[in-house]
Amino acid sequence: MRVVIMGCGRVGSSLAMAMQKRGHDVAIIDRDPSAFVRLSPDFTGVTIAGVGFDRDVLERAGIENADAFAAVSSGDNSNIISARVARETFDVERVVARIYDAKRAEVYERLGIPTVATVPWTTERFVSALGETSTTTEWRDPSGSLAVAQLEVHESWIGTTVGKFQEITGARIAFLNRVGHPILPDAKTVLQQDDVVFAASLLDNLRNARGIASAPATHD
């Protein structure tokens, strides 16, 4: 993928390196040229000094050929403006914005722009939102037979109850992260767009559960 990132702070620089390590071409924008010192010496992507929602700056970053765009500057307004420009002007398929204000994040989620409102594990959350499958096991029991892991969930599961999801995948949803807030679901909880799903599964079933969850839902 071609990935364009706006903001080279702690999250932006970490995200740039994470995407590069996954084999993607990365361009990163920041209005302060000194911000690029946060990047690892191993960074081989493009750095562009400028305002991240300026059309010319975005074009210099290769936005016209970008597969994904992440707005992770320190300003909510800048992030959402640039995210909307990427989505609405350049038709970038995968767009995600960092929003500090959780209430505002809910509004932008309704506009179809995934947001991340919390600081912990933001890099992995952005990697997931930009289309990467997380294979990280968050926790494993001492016997090595049970794991709690993040599952990539296909959008067709939106509207499905947790009970039905668990029945089909054989994995038990331990918790959801919804717009930056953890939720302990019950069987009647309905999966919503951009929920981040963490599930407990026997290791023997984990690969199967990942495959079912990431594929289009086939249930009625």
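The exercises below work through helix packing, nonpolar cores, backbone angles and salt bridges in one predicted model.

The model is predicted, so local features need pLDDT of at least 70 and side-chain atom pairs count only at pLDDT 80 or more, while totals for chains, interfaces and linings use all residues. Residues are numbered from 1 along each chain as its sequence is written, and side-chain values use heavy atoms, with hydrogens and water left out.

**Exercise 1. Describe how helix α6 and helix α7 pack.**

Step 1. Two packed helices are described by the angle between their axes and the distance between the axes. Helices (H or I, at least four residues) and strands (E, at least two) are DSSP runs, numbered from the N terminus. Axes are lines fitted to C-alpha atoms, for helices over the stretch in contact, and angles run from 0 to 180 degrees between N-to-C directions.

Step 2. For α6 (residues 162-169) and α7 (residues 203-214), the angle is about 125° and the axes are 9 Å apart. This makes α6 oblique to α7; angles under 35 degrees count as roughly parallel, over 145 as roughly antiparallel, 65 to 115 as roughly perpendicular and the rest as oblique.

Step 3. Contact means heavy atoms within 4.5 Å. On the α6 side are Phe-165, Ile-168 and Thr-169, which meet Asn-205, Asn-208, Ala-209, Ile-212 and Ala-213 of α7.

Step 4. Sorted by class, this contact of α6 with α7 has five nonpolar, three polar and no charged residues. Here Ala, Val, Leu, Ile, Met, Phe, Trp, Tyr, Cys and Pro count as nonpolar, Asp, Glu, Lys and Arg as charged, and the others, Gly among them, as polar.

**Exercise 2. Find which element gives the largest share of the largest nonpolar core.**

Step 1. A nonpolar core is a set of buried Ala, Val, Leu, Ile, Met, Phe, Trp, Tyr and Cys residues joined through side-chain atoms within 4.5 Å. Buried means under 20% relative accessible area, exposed over 50%, partly exposed in between (1.4 Å probe, protein chains only).

Step 2. The largest core has 21 residues, of which Val-4, Ile-29, Leu-58, Ile-63, Phe-69 and Val-92 touch the most other members. Two or more residues each come from β1 (2-6), β2 (25-30), α2 (55-60), β4 (68-71), α3 (76-89) and β5 (94-98).

Step 3. The answer is α3, with four residues.

**Exercise 3. Compare the settings of Asp-91 and Asp-194.**

Step 1. Most residues other than glycine have a negative phi. Asp-91 has a positive phi near 55°, and the phi of Asp-194 is also positive, near 70°.

Step 2. Asp-91 sits in the loop between α3 and β5 and is exposed at 62% relative accessibility. Asp-194 sits in the loop between β10 (181-183) and β11 and is partly exposed at 24%.

**Exercise 4. Place two salt bridges in the structure.**

Step 1. A salt bridge is a side-chain nitrogen of Lys or Arg within 4 Å of a carboxyl oxygen of Asp or Glu. The count by this rule is four.

Step 2. Glu-88 and Arg-84 form one of them, at 3.0 Å from N to O. Both lie in helix α3, four residues apart, about one turn of the helix. Glu-88 is exposed at 51%, whereas Arg-84 is partly exposed at 35%.

Step 3. Asp-195 pairs with Arg-178, the closest N and O atoms being 2.7 Å apart. Asp-195 lies in the loop between β10 and β11 and Arg-178 in strand β9 (residues 172-178), so this pair ties together parts 17 residues apart in sequence. Asp-195 is buried at 13%, and Arg-178 is buried at 16%.
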